[in-house]
Amino acid sequence: MKAVVFEDVGVPGIHDRAVPSYGADEVLVEVAATGICGTDRAILLGEFPARRGVVLGHEAAGAVAAVGSGVASVAPGDRVVINPTYHCDRCRPCRRGMPAHCGAKAGREVGVDRDGTMAGFAVVPERFVHRLPASVSYRRGALVEPLACVLNNLAAARPRWDDRVLVVGAGPIGALCALVLARRGARVTLAERDPGRVALARLLLPGTVRVLPAEEAAGAGPPDVAIDTTGTLPGDVLGAVAAGGTVVVMGERESGVATVPLRALVTRGVRLVGAGPYRPADFALAVDLARELPLESLVTHVLPLERCAEALALLALAPAAGYGAMKVLLAGDGGLAP
Ligand SMILES: [Zn+2]
Ligand SMILES: [Zn+2]
């Protein structure tokens, strides 16, 4: 099978690998579609530590190719989506109801230190394989994982019906936030610095989402909730949010450091929160919501695995290159079946 391998900073290699073997409680999934995520990009830019030689990728849908002797919940041919946030259920964070912050993650992070989904096949423990509803295409299913991240972070904002919501950054995660918020009728403004992404977001998102260049967003009035997906927390966001409002920091990067005006938190009662990765319940909810959310409307490109260098270039692997795409998927060896 073909696999996209992290060789070194800046170097994604296309390797021929043997189809991996699987254990009694594991499922071999033939990957149909796998999304390129900010994390994959950060790994290749040297901004996120990963094991040299690992197969990249963690957002994937595909078909069960084979199952271990102890697997009962899925069978060969089943269409599935992979939950790549593995947890042990035994450590203190897991026992305290925070499996997303499992203390035994080392060696289990899919596409980081354990082989990921940018390959013809991926091996997944049975309990992290979810059946895809019949109406959900692989193209849509590949966005279930980022949707789960978005649901967890939106929930952390504890939104109310009459909130004005500002989403900062119109990358795939910001656009997904806007798509979900628009679906529930929220008044949402999406602010973005890159003119190419402003144009793309206007084209791809429902007309009810207001997409503005970053410098014009202040004119939209003070938001009650701001979701920062850029990993930079622009300095004006905290000051702009309404009294009693909430700022959720969703994007993160190694170099991400912000100066926080403490007066905004204290005198205006602003909450600054980080939610991190999703819980298993968010993933199950994302699978369910995928029935009705047109997630694939954010997919601008589908390329075969061997063209991953081109796919990454679309996502501005060279930081100054600008963005030519929204969500980019890689299709597995068998092409992108429905
Ligand atoms: Zn991701
Ligand atoms: Zn754990």
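# Zinc sites and helix packing

Student: Which arrangement do the four donor atoms around the zinc ion (ligand 2) form?
Tutor: The angles they subtend run from 104 to 116°. Four donors count as tetrahedral if all angles lie between 85 and 135 degrees. The arrangement here is therefore tetrahedral.

Student: What kind of model is this?
Tutor: Residues are numbered from 1 along each chain as its sequence is written, chains are lettered from A and ligands numbered from 1 in the order written, and side-chain values use heavy atoms, without hydrogens or water. Local features need pLDDT of at least 70, side-chain atom pairs count only at pLDDT 80 or more, totals for chains, interfaces and linings use all residues, and the model is predicted.

Student: Which residues are the protein donors of the zinc ion (ligand 2)?
Tutor: Donors are N, O and S atoms within 2.8 Å of the metal (3.2 Å for Na, K and Ca). Here each one is an SG atom, lying 2.3 to 2.4 Å from the ion. In sequence they are spaced C-x2-C-x2-C-x7-C. They are Cys88, Cys91, Cys94 and Cys102.

Student: And which residues coordinate the zinc ion (ligand 1)?
Tutor: This ion has its donors at 2.1 to 2.4 Å, with the spacing C-x20-H-E along the chain. The atoms involved are SG, NE2 and OE, from Cys37, His58 and Glu59.

Student: How many residues apart in sequence are the parts tied together by cysteine 37 and histidine 58?
Tutor: Helices (H or I, at least four residues) and strands (E, at least two) are DSSP runs. Cysteine 37 sits in the loop between β3 and α1, and histidine 58 in the loop between α1 and β4, so the parts they tie together are apart by 21 residues.

Student: Are α4 and α9 parallel or oblique to each other?
Tutor: Their axes (lines fitted to C-alpha atoms over the stretch in contact, with angles from 0 to 180 degrees between N-to-C directions) come within 8 Å and cross at roughly 120°. Angles under 35 degrees count as roughly parallel, over 145 as roughly antiparallel, 65 to 115 as roughly perpendicular and the rest as oblique. The two helices are therefore oblique.

Student: How is α4 turned relative to α5?
Tutor: α4 and α5 (residues 172–183) pack at about 65°, with their axes 10 Å apart. That makes them roughly perpendicular.

Student: Which residues of α5 does α4 meet?
Tutor: Contact means heavy atoms within 4.5 Å. From α4 come Pro146, Leu147, Val150, Leu151 and Leu154. Their partners in α5 are Ile173, Leu176, Cys177, Val180 and Leu181.

Note on methods
Four donors count as tetrahedral if all angles lie between 85 and 135 degrees; four count as square planar and six as octahedral if opposite donors are over 155 degrees apart and all others between 65 and 115; anything else is irregular.
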